[in-house]
Amino acid sequence: MDIEFSSKEELYRRVKPALRTKKNELIKLGTKNIREVDIWNFLIKTKWKNGSNLCLFDIVNDIMQVDKEEINQYLIKAHQPKENNINLEII
């Protein structure tokens, strides 16, 4: 039986228990201030960026296999301040 989702939000709600479980595991391993949505965004921007027709099993498996060091690096980059594009004019 194939399960289809009409939106990313619907899929997110469906896999939220796996995201919560992984978040709690990462917190126990020392990752601070992590949210379910951080894990979700990490996977969307890295593992699933070119993916299509992913199976629910594969999505949950990817969530549970998230590497602590990779997610920490992603969080560091995501929270770094962006460079200000200051336009300095010489008068």
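Here are four short exercises on the largest pocket and the salt bridges of this predicted model.

**Exercise 1. The largest pocket**

Task: Describe the largest pocket by its volume, its lining and the helices that contribute to it.

Solution:
- Start with the space: the largest pocket holds about 520 Å³.
- Next, look at the walls. The lining comprises 21 residues, and those nearest the pocket centre are Phe-5, Leu-11, Asn-53, Leu-54 and Ile-59.
- Now sort the lining by character: twelve residues are nonpolar, five are polar and four are charged.
- Finally, bring in the helices. At least two lining residues come from each of α1 (8-28), α2 (36-45) and α3 (56-64). The most generous of these is α3, which gives three residues.

**Exercise 2. A salt bridge inside one helix**

Task: Find where the partners Glu-25 and Lys-22 sit, and decide for each whether the residue is buried or partly exposed.

Solution:
- First, confirm the contact: the side chains of Glu-25 and Lys-22 form a salt bridge, with 3.1 Å from N to O. That falls within the 4 Å cut-off.
- Then place the partners. Both belong to helix α1, and they are three residues apart, about one turn of the helix.
- Last, check accessibility. Lys-22 has a relative accessible area of 3%, so this residue is buried. Glu-25, at 33%, is partly exposed, because that class lies between the 20% and 50% limits.

**Exercise 3. A salt bridge between helices**

Task: Work out which parts of the chain are linked by the pair Lys-23 and Glu-36.

Solution:
- Begin with the distance: the closest N and O atoms of Lys-23 and Glu-36 are 3.5 Å apart, in a salt bridge.
- Map the pair onto the helices. Lys-23 lies in α1 and Glu-36 in α2, 13 residues apart, and the pair links distant parts of the chain.
- Check the surroundings of each partner. Lys-23 has 18% relative accessibility and is therefore buried; Glu-36, at 12%, also counts as buried.

**Exercise 4. One more pair, and a network**

Task: Compare the accessibility classes of Arg-35 and Asp-38, then name the residues that shared salt bridges join into one network.

Solution:
- Take the pair: Arg-35 and Asp-38 form a salt bridge whose closest N and O atoms are 3.0 Å apart.
- Compare the partners. Arg-35 is partly exposed, with a relative accessible area of 47%, whereas Asp-38 is buried at 5%.
- Now look for shared partners: Lys-16, Lys-23 and Glu-36 are joined into one network by their salt bridges.
- To finish, place these contacts in the whole: the structure contains five salt bridges.

Key: Residues are numbered from 1 along each chain as its sequence is written. This is a predicted model: local features need pLDDT of at least 70, side-chain atom pairs count only at pLDDT 80 or more; totals for chains, interfaces and linings use all residues. Side-chain values use heavy atoms; hydrogens and water are left out. On a 1 Å grid over the protein atoms alone, a cavity is a set of points where a 1.4 Å probe fits but cannot get out, and a pocket is an open set with protein on both sides within 12 Å along at least five of seven lines; lining residues have an atom within 4 Å of a point. Grid points are joined across faces, edges and corners, and a volume is the space filled by probe spheres set on the points. Helices (H or I, at least four residues) and strands (E, at least two) are DSSP runs, numbered from the N terminus. Ala, Val, Leu, Ile, Met, Phe, Trp, Tyr, Cys and Pro count as nonpolar, Asp, Glu, Lys and Arg as charged, and the others, Gly among them, as polar. Buried means under 20% relative accessible area, exposed over 50%, partly exposed in between (1.4 Å probe, protein chains only).
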